[in-house]
Amino acid sequence: QEAQAQRAPTQRFVDQFAHYYTPAVVALAVLMAGLGPLLFGGTWGEWVYQALVILVIACPCALVVSTPVTVVSGLAAAARHGILIKGGVFLEGGRKLKAVALDKTGTLTLGKPALTDVVPLGDMPIARVLLIAASLDDHSTHPVARALVNGWRERQPEASLLPVDDFRVLQGRGVRGVIEEQEWVLGNHRLVEELGVCSAALEKQLEALEQTGKTAVVLIAPAGPVAILAVADTLRPESAQAVAELKALHVEAVMLTGDNPATARVIADQLGIEDARGNLMPEDKQALIAELKERHGAVGMVGDGVNDAPALARADIGFAMGAAGTATALETADVAIMDDDPRKLARFISLSRHTASILKQNITLALGIKVVFLGLALSGHATLWMAVFADMGGSLLVVFNGLRLLRK
């Protein structure tokens, strides 16, 4: 019901057209029945009959029913394949998309990174490094944080985490907290540079990990960095095909991520994405969507996390990964991909284009039948039975044509 309330532009146009068309036709029929015998001669019965013929022929039933049947069929066809669309306006608007921005983690990747490397930068034991990092990240829901906690648990299943005081999330950068009266920071490459503790040697080690597509974070004590931890995510098996299908529809794919540009480039090259942006904060993603809209026109955004919500809201159509996505992303988005399959993006756009094509066919059918039979009526060759056939026949034609979408 909520989806139908978000009516498609074509449906709004038809409803507005019928708002003026119907009273005009009724007025024409009344004038024909009342003034015909006086102005053109003939019996009252003949003119009343012709007025009824025109009234039945001109009935806008087929025109008015053509759009909601088609839109509901499109919404149902999408829902059958795990694509939930919040309104006809988004179903019809999908055909206009010229570019789609895709968040990396959880969209193009599985969103389940695993700990791969622990590189001490001093004499602190690896077990101690993992304990402090896991204690900090246990308070965070970010996929990288969960990977570090899970990596610690696999290596130290019997150990307990340390209490953390004054815990803070550094949005898009990392976390900060006090453990055993000492402040610790765990953050990404960008945070290390902002804190001014990124030496040439550390920079080289971070770049080496990032060039392999891994996400590196650094554990920092008051005296400086003590260790590098790296996690790697796995690409979804469908991601490369999803990008190829978007290209086949002449829709540009752009990858957005909070990871460093080097990691973003490695992942993008594997998928065949030419435009990849890294080191993006939530507000950066939102600004980039505005930039893409100026360059391309209509733009879609695909994401699954709270950080993606501003960009989802800014895009013409926001897509949320339904199974892995947060409640905030699902609430903000206009379309939910319930099985997290990025190939559904191309299918949604294809369905939108097919829906628009059938809408045009239905409107042309409805108006064309009216024009032909109105011409016959005004020339005196149409009967009331012909008018009933034209009206009901036109309505059935557009209904069956709209229902074809259910087979797509």
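Here are some questions and answers about how the helices and cores pack in this predicted model.

User: Which helix gives the most residues to the largest nonpolar core?
Analyst: That core has 36 residues, and Ile85, Val100, Ile273, Phe319, Val335, Phe348 and Ile349 touch the most other members. The helix that gives the most to this core covers residues 344-378 and puts in six residues. So going by the DSSP numbering, you want helix α16.

User: Which residues does Phe348 touch, leaving out those up to four places away in sequence?
Analyst: Phe348 is among the residues of the largest nonpolar core that touch the most other members. Skipping its sequence neighbours, the contacts of Phe348 are Ile83, Ile85, Phe90, Leu91, Gly94, Ile317, Phe319 and Val335.

User: How many residues are in the other core, the one with Leu115 and Val118?
Analyst: This one lies apart from the largest nonpolar core. Val129 and Val149 are also among its members. Its count is 28 residues.

User: Is α4 roughly parallel or antiparallel to α16?
Analyst: The axes of α4 (residues 61-80) and α16 come within 9 Å, crossing at roughly 160 degrees. Angles over 145 degrees count as roughly antiparallel. Therefore α4 against α16 is roughly antiparallel.

User: What is the handedness of the crossing where α4 passes α16, and how many charged residues are in that contact?
Analyst: The crossing of α4 past α16 is right-handed. On the α4 side the contact uses Ala62, Leu63, Ser66, Thr67, Thr70, Gly74 and Ala78, and on the α16 side its residues include Leu351, Thr355 and Ile358. Sorted by class, the contact has nine nonpolar and six polar residues, and the charged count is no residues.

User: How are α16 and α17 oriented, roughly parallel or antiparallel?
Analyst: Their axes come within 9 Å and cross at roughly 170 degrees. In α16, residues including Ile358, Leu365 and Phe373 take part, meeting a set in α17 that includes Met386, Gly394 and Leu397. Since anything over 145 degrees counts, α16 and α17 are roughly antiparallel.

User: How many charged residues does the contact of α16 with α17 have?
Analyst: Among the residues that meet here are Lys370 of α16 and Asp391 of α17. By class, there are ten nonpolar and five polar residues, with the charged ones numbering two.

User: What about α3 and α17, roughly parallel or antiparallel?
Analyst: The axes of α3 (residues 44-57) and α17 (residues 384-403) come within 8 Å and cross at roughly 10 degrees. The contact takes Tyr49, Leu52, Val53, Val56 and Ile57 from α3, plus Leu384, Ala387, Val388 and Asp391 from α17. By class, that is eight nonpolar, no polar and one charged. Angles under 35 degrees count as roughly parallel, so the answer for α3 and α17 is roughly parallel.

User: Is Ile54 buried or exposed?
Analyst: Ile54 is found in helix α3 and touches Val25, Leu28, Met32, Leu374, Ala377 and Leu378, sequence neighbours up to four places away aside. Its relative accessible area is 1%. Under 20% counts as buried, so Ile54 is buried.

User: And Asp341, buried or exposed?
Analyst: Asp341 sits in the loop between β13 (335-337) and α16. Beyond residues up to four places away in sequence, Asp341 touches Glu238 and Met321. With a relative accessible area of 8%, Asp341 is buried.

Notes
Residues numbered from 1 in each chain as written. Predicted model: local features only at pLDDT ≥ 70, side-chain atom pairs only at ≥ 80, totals over all residues. Heavy atoms only, no water. Core = buried A, V, L, I, M, F, W, Y, C linked by side-chain atoms within 4.5 Å. Buried < 20%, exposed > 50% of the residue type's maximum accessible area, 1.4 Å probe, protein only. Helix = DSSP H or I, 4+ residues; strand = E, 2+ residues; numbered from the N terminus. Contact = heavy atoms within 4.5 Å. Axes fitted to C-alpha atoms, helices over the stretch in contact; angles between N-to-C directions. Parallel < 35°, antiparallel > 145°, perpendicular 65-115°, else oblique. Left-handed = near helix turned anticlockwise from the far one by under 90°. Nonpolar A, V, L, I, M, F, W, Y, C, P; charged D, E, K, R; others polar.
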